[in-house]
Amino acid sequence: MKTEERGERVNILGVGVSAVNMDTAIDRIDGWVHSHELRYVCVCPVHSIMECRRSQPIRHIFNSAGMVTPDGMPVVWVVRWSGHREVHRVYGPDLMLAVLGRQRHRHFFYGGGSGVAQRLAELMKRRFPDLDVAGVFEPPFAPLDQLCTPQAAALINQSAADVVWVGMSSPKQDEWMARMRPLLHAPVLIAVGAAFDFHSGTVRQAPSWMQRSGLEWLFRLALQPRRLWRRYLIDNPWFVWELALQKTGIRKFELEP
């Protein structure tokens, strides 16, 4: 896929983050559905960038995506410092609500724990009465080899969905999209992680002021310290250190295709 087909990107530690805001992201998704272009979308907080730093295959998945949205405020700030003042946060849960709120496409919800995706679909249908829900599937907790199968693809394809929302942990959800993309007919796959838990009411979401100020990580860490301590207490300082090396030119981070 040529760079110009995916829009302008900013190199953050070797990850090409799309210079988009919510309106341009939604317009791009709508365009892919209408033209039936097969794409997948990764949302990208600091954690995802550091996962890409640890793994070349994960970095390749992100850099091959149709769009990599600036999901966390630190990522937004870096993109803006690079000269893209029009960029705003395209946060997975907000992107989901914005796209569903247009009530234009057929949507499939894949992921979440037991009952989460079904409850999410029901709540979104109540919120947006004309929403076209193509289907729901809550996969078992299993390795990707057991999830990325022709049978799973057939189930989703039978629904004739336009957009498949994927709610798993990152980068597992991004790997799932990359593996399943050749097998699925839906034009757009979007991995939104915790959006399934937030919008189903399974997990509390940080207050808006904490999201805007870049402190959402602190709220989530307080709620789930065992699961998230490494992500925030190790990855965040490491991100700042390597970003300083990149910005001062001490270290080069190539933007691989």
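**Surface and overall dimensions**

I looked up the accessible surface of the protein first; it comes to about 11,800 Å², and 54% of it belongs to carbon and sulfur atoms. I note here that the model is a predicted one.

I then took the extent of the chain. The C-alpha atoms fill a box of roughly 50 × 40 × 35 Å along the principal axes. I compared the radius of gyration with that of a compact globule: for 257 residues a value near 18 Å would apply, and the 17 Å of the protein agrees with this. Buried residues make up 55% of the 257 residues. Of the contacts with a separation of 6 or more, 75% are between residues 24 or more positions apart.

**Secondary structure and sheet**

I found 14 helices and eight strands in the protein. Six strands form an open sheet, and I read their order as β4-β3-β8-β7-β5-β6, with parallel pairing. The edges are held by β4 (67-70) and β6 (132-137); each has a single partner strand, so one side of each is left without a neighbour in the sheet. With direction ignored, neighbouring strands of this sheet are turned by 20° against each other on average. As a reminder to myself, strands of a sheet pair through backbone hydrogen bonds, in either a parallel or an antiparallel manner.

I examined one pair in detail. Strand β3 (residues 39-44) runs parallel to β4 and is joined to β4 by four bridges. In this pairing Cys-44 stands opposite Pro-70 of β4.

**Helix α5 and the residue after it**

I listed the buried residues of helix α5 (residues 92-102): Gly-92, Pro-93, Leu-95, Met-96, Leu-97, Val-99 and Leu-100. Gln-103 follows α5 and lies in the loop between α5 and β5 (106-111). Its phi is near 50°, a positive value in a residue other than glycine. I recorded a relative accessibility of 27% for Gln-103, which therefore counts as partly exposed.

**Further backbone entries**

I noted a positive phi at Leu-13 as well, near 55°. Leu-13 belongs to the loop between β1 (9-12) and β2 (15-18). Is Leu-13 buried or exposed? Because its relative accessibility is 1%, I entered Leu-13 as buried; the cut-off for that class is under 20%.

Lastly, I checked the peptide bond from Ser-170 to Pro-171 and found a cis bond, with omega near 15°. I located Pro-171 in the loop between β7 (163-167) and α9 (172-180).

Note on methods. Residues are numbered from 1 along each chain as its sequence is written. This is a predicted model: local features need pLDDT of at least 70, side-chain atom pairs count only at pLDDT 80 or more; totals for chains, interfaces and linings use all residues. Side-chain values use heavy atoms; hydrogens and water are left out. Two strands pair if DSSP finds at least two bridges between them. Helices (H or I, at least four residues) and strands (E, at least two) are DSSP runs, numbered from the N terminus. Axes are lines fitted to C-alpha atoms, for helices over the stretch in contact, and angles run from 0 to 180 degrees between N-to-C directions. The radius of gyration is taken over C-alpha atoms; the globule rule is 2.2 Å times the number of residues to the power 0.38. Buried means under 20% relative accessible area, exposed over 50%, partly exposed in between (1.4 Å probe, protein chains only). Contact means heavy atoms within 4.5 Å. Accessible areas come from the Shrake-Rupley method with a 1.4 Å probe; for residues, only the protein chains shown count as cover.
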